[in-house]
Amino acid sequence: MKQKGDPRGISRRDFVKFCGIAGTAAMTGPQLLIRNAFAKEDKQIVFISEESSPKAIKVYEKINADFFNETGIKVVMEYPGFKNIAKRVATLIASGNPADIVWYGAGQAMDVALEGQLADVGDVVKGVGGIPDNLRMVVDGADRSIPTSQQFTYCWYRSDLYEKNGLSPAKTWEEYLNIVKTLNDPPKMYGCIVPSAELGASHILLETAFRTNDVHWFDFDSGTKKYTVGLDQGDNKKRAVETLDYMHELHKYSPEASTYNWAELMSTFVSEKVANSYYVGARLLDRVMANNARIAEVTKPTAFPARLTNKYYLSIQGFHINKNADVDAAKQYCQFFLGHPDYIKWLHAVPLHIIPASRDILRSAKYQDNPVIQKHMDVLNFLDSVWGEGVPGYYWDGPELNPLTGLYQNANLGGWMLAMRNIKKLNSSEIVDQAAGKIRKKMKEKA
């Protein structure tokens with residue numbers, strides 16, 4: 001799966017400019033799902049997946065072959081990769097031949113949904129069952145995403161170093177700061193890692209820290225049902241400043257990390273240069289097992305330290321069906337995929353990183369029947385213990401989907417804020433004001 005938590009994509013403004021939505025033509029001709037009533041090569045759907053790992057591709061091939069045998073519908077796959085998938089989706093929409101199905105993050109798909117490009121998939125979501133409300137993406141009163149999986153933001157630590165120094169996993173900011181001070185021994189090892197670049201890993205770090213301190217980018221007006229910028233307002237600004245200052249203090253016990261992104265979070269931990277890291281999901285553990293088995297058994301998960309809340313950043317992935325493509329065939333495929341026995345194998349492409357959308361599946365014997373999971377049941381138990389506390393960005397600031405989150409997420413504004421504080425050494429209050437100003441400027445340009 002992609003290195004989750006990076007909500008990069010293209011903004012709504014750029015999406016419209018790139019695609020020429022007004023001129024997008026629908027695919028012509030009704031396509032009926034009548035089994036084997038046509039030549040097999042004449043009936044196909046295009047499925048673009050962000051996933052390109054060999055294990056996942058193998059599962060796709062098996063499920064697609066079974067789907068073809070069952071329905072006569074061929075599934076044509078594309079794997080453009082995490083960095084290129086948004087542009088590939090936009091290119092196909094602009095050409096008038098959109099992909100039938102796209103599997104990627106709901107945060108990326110939101111902009112496409114807001115442009116009216118995604119079909120109503122509420123019937124599939126309801127039919128699948130077991131999907132909690134916090135995983136649904138509802139735009140214009142309808143589900144536009146079929147959740148398949150999710151990742152949580154949480155921390156990873158070296159339990160051997162903790163035991164040696166009489167430490168326990170932190171539950172508060174103060175406890176975590178004490179831990180990183182205690183374990184900091186540069187240049188041999190740093191206490192923690194705080195990336196401070198205008199990239200996804202830095203942005204999600206600040207997003208997560210904001211959640212723990214109840215900081216909101218926007219305010220929701222229940223009367224008008226609209227969102228306004230709230231980052232630099234009242235007590236919210238005070239908490240935002242406090243969070244930036246805390247991140248600045250932690251950065252004293254971190255490598256400078258002015259160019260670090262997701263890969264560096266993993267490699268620095270794997271090479272034993274830091275005692276604590278964080279990640280959106282368990283890919284870091286997967287990388288440790290593959291490259292430094294010596295510390296695999298002492299690489300443990302723990303919740304991001306809390307301040308005012310226990311909330312964390314939640315990344316959701318799913319199927320997204322273009323309304324101008326073959327909606328019926330695409331829905332049939334999504335239902336087939338999620339009901340296929342090898343759906344569990346697909347989740348196991350990166351064990352414990354690709355977390356099922358349903359808690360019942362997480363707890364099921366079939367999901368847990370995997371050697372990596374069996375060896376790291378502490379990770380599964382941890383994920384189960386924090387289930388339901390995650391909040392996707394578009395539901396963080398109010399009860400209704402916030403269509404404006406792309407204004408700060410697509411630009412990795414949180415990463416910019418950390419770079420300004422930790423690298424440029426600007427005042428936190430000034431940074432918050434500037435960040436809020438950037439969002440307001442984009443709102444005016446978009447209006």
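What follows is a walk through this structure, from the overall fold down to a handful of individual residues.

Start with how far to trust it. This is a predicted model, and the average pLDDT of the protein is 90, with 91% of the residues scoring at least 70. The weak stretch is residues 1-41, where the pLDDT is below 50. That stretch still has 119 contacts in the model beyond near neighbours in sequence. Don't lean on those contacts, though: where pLDDT is low, the predicted coordinates should not be read in detail.

Now the overall build. The protein has 20 helices and 13 strands, and its C-alpha atoms fill a box of roughly 70 × 55 × 35 Å along the principal axes. Does that add up to a compact globule or something else? What radius of gyration would a compact globule of 447 residues have, and what does the protein have? The rule gives a value near 22 Å, and the protein comes in at 22 Å, so the two agree. Buried residues make up 59% of the 447. The accessible surface is about 17800 Å², and 49% of that belongs to carbon and sulfur atoms. As for how the chain folds back on itself, take the contacts with a separation of 6 or more: 77% of them are between residues 24 or more positions apart.

For a closer look, go to helix α12, residues 327-339. Its 13 residues reach 18 Å from the first C-alpha to the last, close to the 18 Å expected at 1.5 Å a residue. Which residues of α12 are buried? They are V327, A329, A330, K331, Y333, C334, F337 and L338. Notice the lysine in that list: K331 is counted as buried along with the others. When you look at the spacing of those positions, keep the helix geometry in mind: an α-helix has 3.6 residues a turn, so residues three or four places apart point the same way.

F337 is a good one to pick out of α12. Its relative accessibility is 0%, so it counts as buried, the cut-off being under 20%. What does F337 touch, once residues up to four places away in sequence are set aside? The partners are Y60, I63, F319, Y343 and W346. There is also a long jump in sequence here: F337 and N64 are 273 residues apart along the chain, yet their C-alpha atoms are 8.4 Å apart in space.

One of those partners of F337 is F319, and strand β11 spans residues 312-321, with Q317 in it. Is Q317 buried or exposed? It is buried, because its relative accessible area is 0%. This glutamine has polar company: the side chains of Q317 and Q151 are joined by a polar contact of 2.7 Å, and the side chain of Q317 also reaches the backbone nitrogen of Q150, at 3.4 Å.

Next, some loops. T172 lies in the loop between α6 (159-164) and α7. At 27% relative accessibility, T172 counts as partly exposed. A polar atom of the T172 side chain lies 3.1 Å from the backbone nitrogen of E175. Outside its neighbours within four places in sequence, T172 is in contact with P305 and A306. L250 is 78 residues from T172 along the chain, and their C-alpha atoms are separated by 13 Å.

Further along, the loop between α7 (173-183) and α8 (200-212) holds P187. The peptide bond joining P186 and P187 is cis, with omega about 0°.

After α8, the loop leading to β7 (218-221) contains D214. D214 isn't a glycine, but its phi is positive, about 55°. With a relative accessibility of 26%, D214 counts as partly exposed. N412 also has a positive phi without being a glycine, near 50°. Where is N412? It sits in the loop between α18 (406-409) and α19 (413-423). N412 is buried, with a relative accessible area of 5%.

Finish at helix α11 (residues 283-291), where you will find R287. R287 counts as partly exposed, at 28% relative accessibility. R287 and M266 are 21 residues apart in sequence, and from C-alpha to C-alpha they are 6.9 Å apart.

Notes
Residues are numbered from 1 along each chain as its sequence is written. This is a predicted model: local features need pLDDT of at least 70, side-chain atom pairs count only at pLDDT 80 or more; totals for chains, interfaces and linings use all residues. Side-chain values use heavy atoms; hydrogens and water are left out. pLDDT is the predictor's confidence in each residue, from 0 to 100. Contact means heavy atoms within 4.5 Å. Helices (H or I, at least four residues) and strands (E, at least two) are DSSP runs, numbered from the N terminus. The expected span of a helix is 1.5 Å times one less than its number of residues. Buried means under 20% relative accessible area, exposed over 50%, partly exposed in between (1.4 Å probe, protein chains only). The radius of gyration is taken over C-alpha atoms; the globule rule is 2.2 Å times the number of residues to the power 0.38. Accessible areas come from the Shrake-Rupley method with a 1.4 Å probe; for residues, only the protein chains shown count as cover. A polar contact is a pair of N or O atoms within 3.5 Å; within protein, one must be able to donate a hydrogen and the other to accept it, and residues adjacent in sequence count only if both atoms are side-chain atoms.
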